[in-house]
Amino acid sequence: MANQILLDPFPGGRDIASAVDTWSGSIALAGSAVATGEPLNWTNVITGIGYNEINRVGDGLHGSNTALVTAFAASTGTVTATAANNFQVGQKVTFLGNTSVLGLLLNGVTVTVVTASATAFTFLSSATGSGTSEVGLAVSGNNVFPLQGANAALNATVTALSASGGVVTVTAANTYLPGAQVVVTSASSGIGAAISGKTLTVLSSTSTAFTVTSSATGATGTGTASGVNPPQPFSVSFWSELASGYTYTYSRTTGVLFVQVGGAAVSSPMANLTAGAYPSGVLNDVIRYEAKFQKA
């Protein structure tokens with residue numbers, strides 16, 4: 001082991017304690033397993049402590065912190081969310097991880113509960129579209145917290161656009177990460193005209209394309225894109241609080257979290273969970289994380 005080379009990321013022995021924000025918490029995986037990894041948007045950090053009978057503190061009213069939404073239905077400016085919950089009228093709820101056409105338009109949006117029952121709640125919204133087969137989360141009592149800092153603007157050339165189910169795929173060589181705020185400028189008709197000049201949030205990306213939430217439809221288009229990536233942790237770790245046997249690994253290069261299982265043989269590396277439904281051991285797991293961000 002004597003030949004190892006240890007690199008100092010902060011030459012000169014810089015004391016970084018006062019220049020670092022350390023966040024710790026848990027992450028809820030509500031959707032389906034993705035073989036290419038689960039995109040993580042680091043601007044979706046929920047702050048505050050939810051009220052419960054033990055600590056009797058927190059920003060929320062007496063009620064559960066989260067609820068799994070299984071369907072949305074829109075009608076004349078009101079949306080009904082089907083979800084087992086104990087939210088209360090007037091409570092603030094933020095949506096994360098929605099995947100349906102209607103749900104994608106609600107991601108990151110904070111609403112006020114208008115009516116509530118044990119199986120559903122309603123709120124005011126002009127969003128429309130299909131909300132069936134939803135697997136998103138409603139988080140009560142808190143707000144999405146924007147992390148400090150930002151990166152330089154990143155530009156890309158858009159060569160094609162395609163729309164499907166409330167998601168627009170932008171074909172462009174890029175280095176955007178999940179959560180990036182991007183503005184597409186396009187003079188093309190159809191999709192290009194519908195999204196041109198609007199600030200869009202990147203859902204997922206590869207080196208050749210990225211996706212954004214939009215109800216735009218029509219023909220393909222071309223143009224340019226300019227965006228800013230969200231802050232990324234320079235150090236992050238994930239682990240199972242319940243010793244579930246699953247390993248959680250994060251890639252800073254692509255901004256995705258992988259759920260890993262044991263290799264086929266003792267000498268084989270661990271394998272990323274294949275696409276499909278998450279096993280019960282993952283859905284019932286408490287996935288903890290600690291992430292360190294450089295302060296702005």
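Trainee: In which strand is the place of Q260?
Mentor: Q260 belongs to strand β21, which covers residues 256-261. Keep in mind that this is a predicted model.

Trainee: Is Q260 buried or exposed?
Mentor: Start with the cut-off: buried means under 20% relative accessible area. Q260 has 15% relative accessibility, so it counts as buried.

Trainee: What does the side chain of Q260 make a polar contact with?
Mentor: The partner is the side chain of N272, at 3.1 Å.

Trainee: Which residues is Q260 in contact with, leaving aside its neighbours within four places in sequence?
Mentor: There are two runs to look for. One group is Y246, T247 and T249. The other is M270, A271, N272 and L273. N272 thus appears in the contact list and as the side-chain polar partner.

Trainee: Next, Y248. Where is its place?
Mentor: Y248 lies in strand β20, residues 247-251.

Trainee: Is Y248 buried or exposed?
Mentor: Use the cut-off again. Y248 is buried because its relative accessible area is 3%, and buried means under 20%.

Trainee: Which residues surround Y248 in contact, leaving aside neighbours within four places in sequence?
Mentor: Take them in sequence order. F238, W239 and S240 come up, then L257, F258 and V259, then V282, D285 and I287. Look at D285 again: its side chain makes a polar contact with the side chain of Y248, at 2.7 Å. V259 is worth a second look too. Y248 and V259 are 11 residues apart along the chain, while their C-alpha atoms are separated by 4.9 Å.

Trainee: Now the cavities. How many of 30 Å³ or more does a search of the whole structure find?
Mentor: The search finds 1. Its volume is about 40 Å³.

Trainee: Which residues line the largest cavity?
Mentor: The lining is A33, V34, G37, E38, L257, V259, L273 and Y278. By class, that is 6 nonpolar, 1 polar and 1 charged. Some names should be familiar. L257 and V259 are also in contact with Y248, and L273 is in contact with Q260.

Trainee: How should I read the sign of a phi angle?
Mentor: Most residues other than glycine have a negative phi. A positive value in such a residue is therefore one to note.

Trainee: What is the phi of T76?
Mentor: It is positive, about 45°, although T76 is not a glycine. T76 is in the loop between β4 (66-75) and β5 (78-83). Its relative accessibility is 81%, so T76 counts as exposed.

Trainee: What about the phi of S133?
Mentor: S133 is another non-glycine with a positive phi, near 55°. Its loop runs between β9 (120-124) and β10 (136-140). S133 is exposed, with a relative accessible area of 63%.

Trainee: G131 lies in the loop between β9 and β10. Is G131 buried or exposed?
Mentor: G131 is buried, with a relative accessible area of 3%. So a loop residue can be buried, as G131 is. Beyond its neighbours within four places in sequence, G131 is in contact with T70, A71, F72, S100 and L102.

Trainee: Where does G103 lie?
Mentor: G103 is in helix α1, residues 101-106. Its relative accessibility is 0%, so it counts as buried. Not counting residues up to four places away in sequence, G103 touches F72, N98 and E134. F72 is also a contact of G131.

Trainee: T66 has its place in strand β4. What is its relative accessible area?
Mentor: The value is 42%, so T66 is partly exposed. A138 and V139 are in contact with T66, leaving aside neighbours within four places in sequence.

Trainee: Let us end with the whole chain. How many helices and strands does the protein chain have?
Mentor: The count is 3 helices and 23 strands. Of the 296 residues, 38% count as buried. Among contacts with a separation of 6 or more, 68% come from residues 24 or more positions apart. The chain exposes about 15,100 Å², and carbon and sulfur atoms supply 56% of that.

Definitions and conventions. Residues numbered from 1 in each chain as written. Predicted model: local features only at pLDDT ≥ 70, side-chain atom pairs only at ≥ 80, totals over all residues. Heavy atoms only, no water. 1 Å grid on protein atoms, 1.4 Å probe; cavity = no way out; pocket = protein on both sides within 12 Å on 5 of 7 lines; lining within 4 Å. Points joined across faces, edges and corners; volume = space filled by probe spheres on them. Nonpolar A, V, L, I, M, F, W, Y, C, P; charged D, E, K, R; others polar. Helix = DSSP H or I, 4+ residues; strand = E, 2+ residues; numbered from the N terminus. Buried < 20%, exposed > 50% of the residue type's maximum accessible area, 1.4 Å probe, protein only. Contact = heavy atoms within 4.5 Å. Areas by Shrake-Rupley, 256 points an atom, 1.4 Å probe, with all protein chains shown as cover. Polar contact = N/O pair within 3.5 Å; in protein donor to acceptor, adjacent residues only side chain to side chain.
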